[in-house]
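Visitor: I have not seen this structure before. Could you take me through it?
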Amino acid sequence: MAAARVLLLLSGRPVSPSFVQSVCRLLGAGPGLGPWATLCGLKRGRLVLSDGPSPGASTRLPLQVSALRTRSQVQGRKWPFTSSAIPSLRRTERQAQKCGGHVELDEELLDGGLRELWEESGLQLPQGQFSWVPLGLWESAYPPRLSWGLPKYHHIILYLLVVSQESQQQLQASTYLAQARIQPNRSEVSAFMWLGPDVAAAVAATEDGTETPRHLPQELPPSVLTVELAEEGGARPLALPVSTLLRTTPTTAEGKERVSSGTKFALRLWLQHLGSLRRRARRL
């Protein structure tokens with residue numbers, strides 16, 4: 001399964017990592033969580049990662065790792081390395097949306113991201129009316145803390161930024177109506193929201209392992225408008241406290257709503273990309 005979706009090149013030779021091996025470490029990443037500049041490529045529906053220059057891996061992307069366990073901590077768990085996941089980001093000057101899921105066998109990576117966007121949100125972007133760029137990579141193990149139990153999942157996540165040529169108003173039009181562009185799948189999601197750079201930056205700035213700030217920055221709104229899907233059908237607005245989005249990973253496996261560490265990393269990448277576009281526009 002791994003060979004179909006993730007190809008790891010070490011000294012030019014293909015390697016199939018086991019479930020208990022950190023891809024970051026195999027690639028020679030240093031101590032800490034990163035991010036590290038990693039050579040990668042997209043080839044025939046596969047993600048290619050390499051520890052050196054390679055014809056199939058010439059693009060440098062930031063790679064960061066979650067709190068993965070060492071081999072001794074997960075000894076005895078030798079499941080195959082699992083497939084990649086592709087959260088797809090949609091950007092305008094003021095809003096961001098994130099969807100994601102596993103790549104199917106023989107599926108192109110971009111196609112997998114667009115499919116997940118459609119399956120979760122109902123949004124289909126017309127061909128020729130969007131552009132895209134890979135933002136970065138995240139190596140994830142779940143549960144995120146060893147105290148919660150041995151890891152059950154191990155993924156390499158590729159974050160893609162998809163930029164629609166349609167306006168924010170076109171994409172958000174008629175949210176509560178039957179003909180809305182956004183038609184979330186109730187079997188996939190229970191609610192969705194649109195985040196602006198100010199709230200996204202505050203969320204991205206929170207660090208797991210630290211306490212959430214008790215006082216919100218004055219420029220942040222107290223809540224974010226969320227569209228909650230009703231069990232009986234339809235949707236209703238919900239004011240979600242911004243403090244919920246600023247929660248960090250708890251020390252115990254409690255079921256509180258929070259933004260995952262990988263999503264925070266993706267938001268940072270999106271904001272950095274947005275900032276680089278603005279700087280480029282000013283130079284022009």
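The questions below go from the whole chain to one sheet and one pair of helices.

Visitor: What share of the residues in the protein chain is buried?
Guide: This is a predicted model. The protein chain has 7 helices and 12 strands. Of its 284 residues, the buried ones make up 46%.

Visitor: Which strands are the edge strands of the open sheet with the order 10-11-12?
Guide: This open sheet has 3 strands, and their pairing is antiparallel. An edge strand here pairs on one side only, which holds for the strand at 191-193 and the strand at 235-241. These are strand 10 and strand 12.

Visitor: Which residue in strand 12 stands opposite leucine 225?
Guide: Strand 11 covers residues 223-229 and pairs with strand 12 in the antiparallel sense over 7 bridges. Opposite leucine 225, strand 12 places alanine 239.

Visitor: Why are helix 5 and helix 7 called oblique to each other?
Guide: Helix 5 spans residues 197-205 and helix 7 spans residues 261-283; their axes lie 8 Å apart. Angles over 145 degrees would count as roughly antiparallel, and 65 to 115 as roughly perpendicular, with oblique used for the rest. The two helices are therefore oblique, as they pack at an angle of about 130°.

Visitor: Which residues in helix 7 do Pro197, Ala200, Ala201, Val203 and Ala204 meet?
Guide: Helix 5 passes helix 7 in a left-handed crossing. The five named residues belong to helix 5. In helix 7 they meet Lys264, Leu267, Arg268, Trp270, Leu271 and Leu274.

How values were computed. Residues are numbered from 1 along each chain as its sequence is written. This is a predicted model: local features need pLDDT of at least 70, side-chain atom pairs count only at pLDDT 80 or more; totals for chains, interfaces and linings use all residues. Side-chain values use heavy atoms; hydrogens and water are left out. Two strands pair if DSSP finds at least two bridges between them. Helices (H or I, at least four residues) and strands (E, at least two) are DSSP runs, numbered from the N terminus. Buried means under 20% relative accessible area, exposed over 50%, partly exposed in between (1.4 Å probe, protein chains only). Axes are lines fitted to C-alpha atoms, for helices over the stretch in contact, and angles run from 0 to 180 degrees between N-to-C directions. Angles under 35 degrees count as roughly parallel, over 145 as roughly antiparallel, 65 to 115 as roughly perpendicular and the rest as oblique. A crossing is left-handed if the near helix is turned anticlockwise from the far one by less than a right angle, and right-handed if clockwise. Contact means heavy atoms within 4.5 Å.
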